[in-house]
Amino acid sequence: MSVHHGLRPVLTALLSGVLLNASLPDISCAGQDLRYLSFHPVPLRVSSPGGASSADVSMSPDDSRASTVFSTDAATREATYRDRIAELRLSEGSLALPLAEQLLALGHALHEQAELDAALAAFEEARHVLRVNLGLDSLEQAPALTAMFSVYAQQGDVERAHAMQEALFYLRLRHHGAESDGAVDAMLEWADWNVTLYMLLDPLPTIDSSVHAFTRLNDPRLELAYEAYLRAQQHLQQHGISGDPRLVTTERKLAALNFITDRKLLDTYGDALYAHVAMSDDAFGDADNALENASAARFHEGSSALRRALAYSERSLQRRDDDVAARMVELGDWYLLFDHRAAAMELYRDALAFMREASLPQEDVERIMSPGMPVPTPDTAYLPPVEAREYAGYIDVEFELTQFGMATKPKVIGSSAHNRQIERELLREIRSCKFRPKFVADTPVNREKVQLRYYYAL
């Protein structure tokens, strides 16, 4: 598994959960690398997520970040841990169990100072001490594996980061038992990592003349993820508590996997398949049919998964009406993303009717429906939420929104720094996006004027 050029910032960003709803155009302009350009939209006329109004020139949509306060700086803590480690080695030996805690603390202090190789050495030694004292399959070594994974991720070393995730997964399976409830979370996290890795490495599909490559998941990482999700789903269905929230999570991620496969392999690389088989009209027709059939299958599999997620939310012992409504809207989004517009509008109406009957506050209705905002794609369901991000600037846009969620006549109406290349990329993205329409009296409004602020990062 080779590391792509420029992979380190993308790996670090993905693992930090900051590429949510990201657009990654393969472009560049003088003095700027725009391959990792990403956008984060907020309504222009209301406060941004961090509380800044549209008039503020804030480079971050979330200013609620809390910094960790230490009583001493990392270098001082490093010296303290080294002293304790030396004392323990002298008094109890080089493999004494108390060393593990101090070595882990030392590794974190070194990591904080960006001394990555030294941090790895401390984490590895801590793991060795734990394995010697508590056994090769002791779960107590999990924090050391997680810490090593974080360092490898920061270094952009995909192979070793993957090895740490794999070791942690099988360690948890051996500890809990492959058929136990404790293994479910391990399977879900292992599946999440494999999907993240697939998206990160941007694999090209395998093309062959049979065109059957596009009827499968087409990548071993996605196959691993799919099997892990199914195993988790089956265990929860057979042994879990009715309404276990992990059932909802698993179904949403199965839908996300279908969406990723459909869009990344079919839309992005479909032309490659056409070029390969377009030696005759018959071959081209076969390719077209294969792609359409594969897409239809994934649409139905994903919609079935989201319907099950909705049913689980409705039956949950901790049922919340806003969660049920969110699952209904999510199902409508799925139909809209696959251009089943009439069905999507019907699902949105059902969600609005449900929220009225449940007497949900208007602010909850607005939050769940988010009219005029881009439809979040299902692949964001498993990515961590955006917590802290530095943005390079923002662009304010205006467009007309049709009753079927399409943006027309987008134009830039303001920006923090005029950059035509980034503005063109944003307008291109807006034209290709699906948006949630605004409803008045259960009828979607046509030609609704929308203004959004898009923060962008490079």
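**Close-up A. A four-stranded open sheet in a predicted model.** The strand order here reads 3-8-4-5, and the pairing is antiparallel. Strand 3 (38–43) and strand 5 (407–415) sit at the edges with a single partner strand each, so one side of each has no neighbour in the sheet. Going from one strand to the next, the twist averages 30 degrees.

**Close-up B. Strand 4 alongside strand 5.** Zooming in on this pair, strand 4 (residues 393–401) runs antiparallel to strand 5, and six bridges link the two. To get your bearings, look for V397: its bridge partner in strand 5 is V412.

**Close-up C. Helix 15 lying across the sheet strands.** Helix 15 (residues 420–432) lies across strand 3, strand 4, strand 5 and strand 8 (448–457). Relative to strand 5, helix 15 runs at about 150 degrees.

**Close-up D. Helix 7 meets helix 8.** Here we leave the sheet for a pair of helices. The axes of helix 7 (residues 182–201) and helix 8 (residues 220–239) come within 8 Å and cross at roughly 155 degrees. Angles over 145 degrees count as roughly antiparallel, and helix 7 and helix 8 are therefore roughly antiparallel to each other. Their crossing is left-handed.

**Close-up E. The residues between helix 7 and helix 8.** On the helix 7 side, the contact residues include V184, L188, W190, V195 and Y198. Helix 8 brings in, among them, L222, L224, Y229, R231 and H235. Sorted by class, this contact has 16 nonpolar, two polar and three charged residues.

Methods:
Residues are numbered from 1 along each chain as its sequence is written. This is a predicted model: local features need pLDDT of at least 70, side-chain atom pairs count only at pLDDT 80 or more; totals for chains, interfaces and linings use all residues. Side-chain values use heavy atoms; hydrogens and water are left out. Axes are lines fitted to C-alpha atoms, for helices over the stretch in contact, and angles run from 0 to 180 degrees between N-to-C directions. Angles under 35 degrees count as roughly parallel, over 145 as roughly antiparallel, 65 to 115 as roughly perpendicular and the rest as oblique. A crossing is left-handed if the near helix is turned anticlockwise from the far one by less than a right angle, and right-handed if clockwise. Contact means heavy atoms within 4.5 Å. Ala, Val, Leu, Ile, Met, Phe, Trp, Tyr, Cys and Pro count as nonpolar, Asp, Glu, Lys and Arg as charged, and the others, Gly among them, as polar. Two strands pair if DSSP finds at least two bridges between them.
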